[in-house]
Amino acid sequence: MVFRINKPWDKDFPYFERPKAIGYYSIDSTRSICFDSSQLTYYYPPKNNEVSFDLNHGIECVRRKTSTTKHDKIDTFLKWIMNNFDKIRAHPDSNRWLQPHIVCFRGLLSRIMKTPYDEREGWIICAAKWKGTIYLMAFDTEADTFELNNRTEKDLQFSSWGFKFEQYILSDEPNKPPDTSKPVDEKEEFCCVFQSRLRERKLLYAAEMDGVYSDKLLTDPLPIENLKFIELKTSRIVDNERQFSNLKKFKFIRWWSQSFLVGIENILCGFRDDKGIVRNLKNYRVADLPRISERFWSASTTMNFCDDFLKYVEKTVINDCNKTIYKFERIPHSHIIVTEVSPTSEYAFLPEWFIKSFNK
Ligand code: A3P
Ligand code: MG
């Protein structure tokens, strides 16, 4: 079966409910879940937009994520679901256990959204249905695995720069200058869980959040629904019109979709030179990005595509995951093909403890 990526999607923006944070969790440096805000960090606004942040400072001591991170990432979210079952339980009269029709990560939705603009990038998304809800998870394609296995020191350095930038801007206490002397631990995360609706379809997704705006120390339980977060990004200093076009075409679409999906209004970008020194900071209003980038992409196309693709997933995924796992593969420069794979294949991702706990 094939899902073709060639319809006009630039129609009216589909109904998308304002995302509501309904919970949160932290992941510590051993990648264990903590049902608390231990990894929450506070935005510490720099006094000046002209800065000199060395993103290589202490890089030799950085603690990076490992390749097993993907599976424990979904496991932690599933643990949150089990622990918060009462918040998302479906009405007893419905034929589902959970309210959401779709459960996934924010990054997966953002990836789907930019598909119509991403001819070259392939992806694999697998779907597992259980008790009426469809769980989606991204897997590495062959090209992803090749890229991952052939990363150079330089690639690793680039990917650590973004985390180091976060350390210059975020603090573990409000109004306290960030401590940039300690090693960056890329394994630690603070995640929020959001509920939203795309047309009639209820969504539940988790997302890593960068920093919260707060002058006061926040304690558990957090007033999560009322908190405001900032998204931090780095990018190469823009020297000419062509580079600015690339920023709008390739990065702003990602920045916008990521932030829009979690209701973030502001992005702070640190513009760095080739040596990894951030020279200046610029604030972007998320709501302005589609207009700034209108020559390259449209927000309604991304969301209409997402809606159409999820509709197709819902139509296709019939069997429960103990019978069939559905693999959706976007082939570069081509369409999305669907294959049914065995529940014992490498693409099965709902752990046994999760499936069993729903049998109670
Ligand atoms: P930048 O986005 O500033 O480059 P996010 O902003 O999405 O929370 O990600 C934080 C940082 O993680 C990124 O900062 C980057 O350093 C690193 N990162 C995220 N996704 C990555 C990827 N696919 N490859 C390499 N590094 C990545
Ligand atoms: Mg960020």
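A polar contact here is a pair of N or O atoms within 3.5 Å. The model is predicted.

**Exercise 1. Ligand 1**

Task: Which side chains place an N or O atom within 3.5 Å of an oxygen atom of ligand 1, and what surrounds the ligand?

Solution.
1. Start with Gln 258. An N or O atom in its side chain is 3.3 Å from an oxygen atom of ligand 1. That pair falls within the 3.5 Å cut-off.
2. Go on to Lys 233. Its side chain has an N or O atom 2.8 Å from an oxygen atom of the ligand.
3. Add Glu 231, with a polar side-chain atom 3.1 Å from a ligand oxygen.
4. Check the cover. Ligand 1 taken alone exposes 540 Å², and the protein buries 59% of that.
5. List the surroundings: Ser 159, Gly 162, Phe 163, Glu 166, Asp 210, Glu 231, Leu 232, Lys 233, Thr 234 and Gln 258.
6. Sort them by class: 2 nonpolar, 4 polar and 4 charged.
7. Place them. Helix H5 (153-169) and strand E13 (229-236) each supply at least two residues of this shell.

**Exercise 2. The nonpolar cores**

Task: How many residues has the largest nonpolar core, and which helix gives the most to it?

Solution.
1. The largest nonpolar core has 64 residues.
2. Leu 136, Phe 309, Leu 310 and Phe 328 have the most contacts inside this core.
3. Helix H8 (residues 299-316) gives the most, with 8 residues.
4. A second core is separate. It has 33 residues, among them Ile 81, Leu 204, Ile 325 and Ile 355.
5. Now inspect Leu 136. Beyond four places in sequence, its contacts include Ile 102, Val 103, Cys 104, Leu 108, Leu 310, Val 313 and Phe 349. Ile 125, Cys 126 and Ala 127 also touch Leu 136.

**Exercise 3. Helix H3**

Task: Is helix H3 (residues 106-113) mostly covered or uncovered, and what covers its buried residues?

Solution.
1. Count the buried positions: 6 of the 8 residues in H3, so the helix is mostly covered when buried means under 20% relative accessible area.
2. Name them: Arg 106, Leu 108, Leu 109, Ser 110, Ile 112 and Met 113.
3. Find the cover. It includes strands E6 (102-105), E7 (123-130) and E8 (133-139). E11, helix H6 (241-260) and H8 also take part.

**Exercise 4. Backbone exceptions**

Task: Where does a cis peptide bond occur, and what is the phi of Arg 31 and of Arg 199?

Solution.
1. Recall the background: most residues other than glycine have a negative phi, and most peptide bonds are trans.
2. The cis bond joins Asp 220 and Pro 221, with omega about -5 degrees. Pro 221 sits in the loop between strand E12 (211-212) and E13.
3. Arg 31 has a positive phi, near 70 degrees. Its loop runs between strand E2 (20-27) and strand E3 (33-34). Arg 31 counts as buried because its relative accessibility is 13%.
4. Arg 199 also has a positive phi, near 55 degrees. Its loop links strand E10 (189-198) and strand E11 (201-208). At 30% relative accessibility, Arg 199 counts as partly exposed.

**Exercise 5. Leu 289**

Task: Is Leu 289 buried or exposed, and which residues does it touch?

Solution.
1. Locate Leu 289 in helix H7 (residues 289-292).
2. Its relative accessible area is 0%, so Leu 289 is buried.
3. Leaving out residues up to four places away in sequence, Leu 289 touches Phe 252, Trp 255, Trp 256, Ile 267, Tyr 284 and Trp 297.
4. Take Trp 256. It lies 33 residues from Leu 289 along the chain, yet their C-alpha atoms are separated by 6.4 Å.

Notes
Residues are numbered from 1 along each chain as its sequence is written. Chains are lettered from A and ligands numbered from 1 in the order in which they are written. This is a predicted model: local features need pLDDT of at least 70, side-chain atom pairs count only at pLDDT 80 or more; totals for chains, interfaces and linings use all residues. Side-chain values use heavy atoms; hydrogens and water are left out. A nonpolar core is a set of buried Ala, Val, Leu, Ile, Met, Phe, Trp, Tyr and Cys residues joined through side-chain atoms within 4.5 Å. Buried means under 20% relative accessible area, exposed over 50%, partly exposed in between (1.4 Å probe, protein chains only). Helices (H or I, at least four residues) and strands (E, at least two) are DSSP runs, numbered from the N terminus. Contact means heavy atoms within 4.5 Å. A polar contact is a pair of N or O atoms within 3.5 Å; within protein, one must be able to donate a hydrogen and the other to accept it, and residues adjacent in sequence count only if both atoms are side-chain atoms. Accessible areas come from the Shrake-Rupley method with a 1.4 Å probe; for residues, only the protein chains shown count as cover. Ala, Val, Leu, Ile, Met, Phe, Trp, Tyr, Cys and Pro count as nonpolar, Asp, Glu, Lys and Arg as charged, and the others, Gly among them, as polar.
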